[in-house]
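Have your viewer ready and a selection box open. The tour below goes stop by stop, telling you what to select and what you will find.

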Amino acid sequence: MVTWINTNFWARVARIILRNRILILAIIAGITVFLGMQWKHMRFTYTEANLLPDDHPVNLEYNKFLDTFGEEGNLIVIAIKDSTLFTPENFNHWNRLSKQLQAKPEISLVISTDNLQELVKNTDKQAFELVPLIKGKLEKQSEVDTIKKELFTKLPFYESLLLNPETQTLRTAIYLDKEIVNTSVRKDFIFDDFIPLIQEFEKETGLKVHSSGMPYIRTLNSQHIIDEIGLFILAALGVTSLIFFFFFRSFRATFISMVVVLIGVMWAFGILGLLHYEITVLTALIPPLIIVIGIPNCIFLINKYQQEVKKHGNQAKSLQRVISKVGNATLMTNATTAAGFATFIVTESKILKEFGLVASINIMAIFILSLLIIPIIYSFMRLPKTKHLKHLNKRWIGKFVGWMENSVRNHRIAVYAVAVGLLTASIIGIYQIRISGSLIEDMPKDAAFFDDIRFFEKEFDGIMPVEIMVDTKRPNGVMKLSTLKRMERLEELIDEIPELSKPISVTNLVKYFKQAYYNGNPNYYQLPTSQENTFILQYARNSSGESDVLSNFVDSTGQVARITTFMKDIGTDKMEGIEEDLWKKIDKELPAERYDVTITGKALVFMKGTKYLVKNLIISLLLAILLISIFMAYMFRSFRMILISLIPNLLPLLITAGTMGYLGVPIKPSTILVFSIAFGISVDDTIHFLAKYRQELAANNWKIQKSVYNALRETGVSMFYTSIVLFFGFSVFMISSFGGTKALGGLVSMTLLFAMLSNLVLLPALLLSLERSIANKKVLKKPAFDVLTEGKTKGKNRL
């Protein structure tokens, strides 16, 4: 039977590689230079990850809001909670800081005590006027005390924006130019102007300034991502090279492996630049992932080379066999790993599509680099010395393999009992898993800006904007008293929800109009009666600045209003409950036949995106299982073998999911990636074991037990080596300051460790227990292509 990829094919590949060494190295160098030139096109993201498709209803509603009111994520806030602020010297410094910020071209508006406007009535003009609260520099403590009293007792309009009367915390609102919010100019402003001004103020006054707001958080968070890319690459190189050297005890083998993965990293960055993809928290993981996934390729190839050298000492023959006998195995293992990542491409999320595409391309690229570079470099070197081959006979490895063989031979019932026990406990744990859609949950907990987020949550009930847009369906419908009263009743519900801040809307402004009409008496900070409404609004229309003030709350036609509130960092389930309560109130107060109401905002879009993404990632995981099952079916032509091979790979995933439930690790974009990544990598061990098992069956006249033990002894060492490298390689991500990346590293490491034990203990046990069902050539047919092409060779020469 002619196989798809047969021995002759790989023999030809080996001849081509070894006869064109210089040309191949020149081509690799040329591609590396070309991709290196693409680094200049790499960009770092300046926006939040959009997890939803562009045409999703939630995105369309958010874009409609942006078209009406513009960018809502352009607010930076600074605040001080310190009684010593209210001294003439410190208070003047605070006001001067506002002036310095307002002078920056990147700032469109600063609202602070320095330029705070008080609404007063001008009876002669029958209009309201905006009068500065502070006129000039404050010289006396009594002047500061007067301002302080007026701020915290007479200006309820500014409570949600600038004041916390209970704790006497003072805040300044800084609005970035909407044109630069999602550009690199924002980053330059934050690091070159904003932070130095804050530090200078703190040095001069000794006061602690808390800074936050989405543009500020996003900038510092993005910088953390950039800083960690280099850290991950160095850590991954350091850990994998140390483990590699520990196993092989060869500087030469370690150096060759590092050359391969470093070129792979250069290609990864180059492909990101070539495709003009942004560096996000996900794509930043690709270079270190290539190191971690590339090293096992090097282990298999170098281990096979050294085995061949030890056997017959012929370098040319050894190199030819490395390519011809291991090429197919590494191709299939890399293909299944790439398939696990490639399934992300089918999701509708742009960030995941890009991650899946670049990761899968680079996994296949590192396979090609390994297959080409390792044999070629070794061909220019002397044969390994005897000391470099000692690792092939390590006693402790032999003991480990012996323990596995003993477990499979004598303790299969115990193996199954442990597996069933772990499965049962995992299922219980899975029911405790929650879904998280928090914008800030994965942010570095030890960063100063994270502490400031908590500060603003405590003092002002959050910093993540939630917007409610009310379309009255007719021009100037917003200012009708009936509409204002309906909006006020909705705002009362919002105010009662502890996770949401006191809302800001046109009703606050109209209440302030009434307070000003009654000479600033805060007792009149309320909506006017129907009798008062006519002449109070007439005063407002006569005011020169009325349209400018209204533009923040109502669109130019007077038809659409916005209600802005800020949300604390809460879970998806809790937010869904809050949203449900809001819609009940909206349906009652703002019925659909008279009003079109939309609830949107960055935080809400992200939460809905998380839930959407989790659903898509579950589909991609199922697709990965299906795709890899098809690979197995095509390779081994046996439905029973597919089932047997899936069990030891699905069990570790269930154990990991159960562990997440017990530890309270939520399902979110970063942690849901664990399952597709781990499954795609762990199935490599299954392929290696079953390929060797199938080969042993043919060599041992279909004797199941002998074939299982031979396969276990001969593949156990390489599987152990690669699993340990992968375990410690992915553990590198646990040094991240991002919660999601840290969880990803820990969970993948744990899953791969369980997968190794499962494939080396549970899989052989299943084969032995089911030997009667599979011990014939009809069940386990000749594969469509040989993963390990050994021909008639027997004994230790096989991998």
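What follows is a walk through some helix contacts and then the cavities of this predicted model.

**Stop 1: α8 and α9**

Start by selecting residues 214-248, which form helix α8, and residues 251-274, which form helix α9. Their axes come within 10 Å and cross at roughly 155 degrees. Angles over 145 degrees count as roughly antiparallel, so that is the description that fits α8 and α9. The crossing of α8 past α9 is right-handed.

Now show side chains. On the α8 side, pick Ile229, Ile233, Leu237, Thr240, Ser241, Phe244 and Phe245. Their partners in α9 are Phe251, Ala253, Thr254, Ser257, Met258, Val261, Leu262, Val265 and Phe269. Colour this contact of α8 with α9 by class and you should get 12 nonpolar residues, four polar and no charged.

**Stop 2: α9 and α10**

Keep α9 on screen and add α10, residues 286-312. The axes of α9 and α10 lie 9 Å apart, and the two helices pack at an angle of about 145 degrees. Here too you will find a right-handed crossing, this one between α9 and α10.

From α9, select Ala253, Ser257, Met258, Val260, Val261, Gly264, Val265, Ala268 and Phe269. Facing them in α10 are Ile286, Pro287, Ile290, Ile291, Gly294, Ile295, Cys298 and Ile302. What is the class make-up of the contact of α9 with α10? The tally is 14 nonpolar, three polar and no charged residues.

**Stop 3: back to α8, with α24**

Return to α8 and bring in α24, residues 704-731. These helices, α8 and α24, pack with axes 9 Å apart at an angle of about 155 degrees, and are therefore roughly antiparallel to each other. The crossing of α8 past α24 is right-handed.

For the contact, select Val239, Thr240, Ile243, Phe247 and Phe248 in α8, then Phe720, Tyr721, Ile724, Val725, Phe728 and Gly729 in α24. By class, the contact of α8 with α24 has nine nonpolar residues, two polar and no charged.

**Stop 4: the cavities**

Next, turn on a cavity display. How many cavities of 30 Å³ or more are there? The count is four, and the largest has a volume of about 210 Å³.

To find the largest cavity, centre on Pro296, Ile681, Asp684, Thr722 and Leu726, the closest to its centre of the 18 residues that line it. Then show α10, α11 (315-342), α23 (669-699), α24 and α25 (739-769), each of which supplies at least two residues of that lining. Which helix gives the largest share of the lining? That is α23, with five residues.

Finish by colouring the lining of the largest cavity by class: eight residues are nonpolar, eight polar and two charged.

Methods
Residues are numbered from 1 along each chain as its sequence is written. This is a predicted model: local features need pLDDT of at least 70, side-chain atom pairs count only at pLDDT 80 or more; totals for chains, interfaces and linings use all residues. Side-chain values use heavy atoms; hydrogens and water are left out. Axes are lines fitted to C-alpha atoms, for helices over the stretch in contact, and angles run from 0 to 180 degrees between N-to-C directions. Helices (H or I, at least four residues) and strands (E, at least two) are DSSP runs, numbered from the N terminus. Angles under 35 degrees count as roughly parallel, over 145 as roughly antiparallel, 65 to 115 as roughly perpendicular and the rest as oblique. A crossing is left-handed if the near helix is turned anticlockwise from the far one by less than a right angle, and right-handed if clockwise. Contact means heavy atoms within 4.5 Å. Ala, Val, Leu, Ile, Met, Phe, Trp, Tyr, Cys and Pro count as nonpolar, Asp, Glu, Lys and Arg as charged, and the others, Gly among them, as polar. On a 1 Å grid over the protein atoms alone, a cavity is a set of points where a 1.4 Å probe fits but cannot get out, and a pocket is an open set with protein on both sides within 12 Å along at least five of seven lines; lining residues have an atom within 4 Å of a point. Grid points are joined across faces, edges and corners, and a volume is the space filled by probe spheres set on the points.
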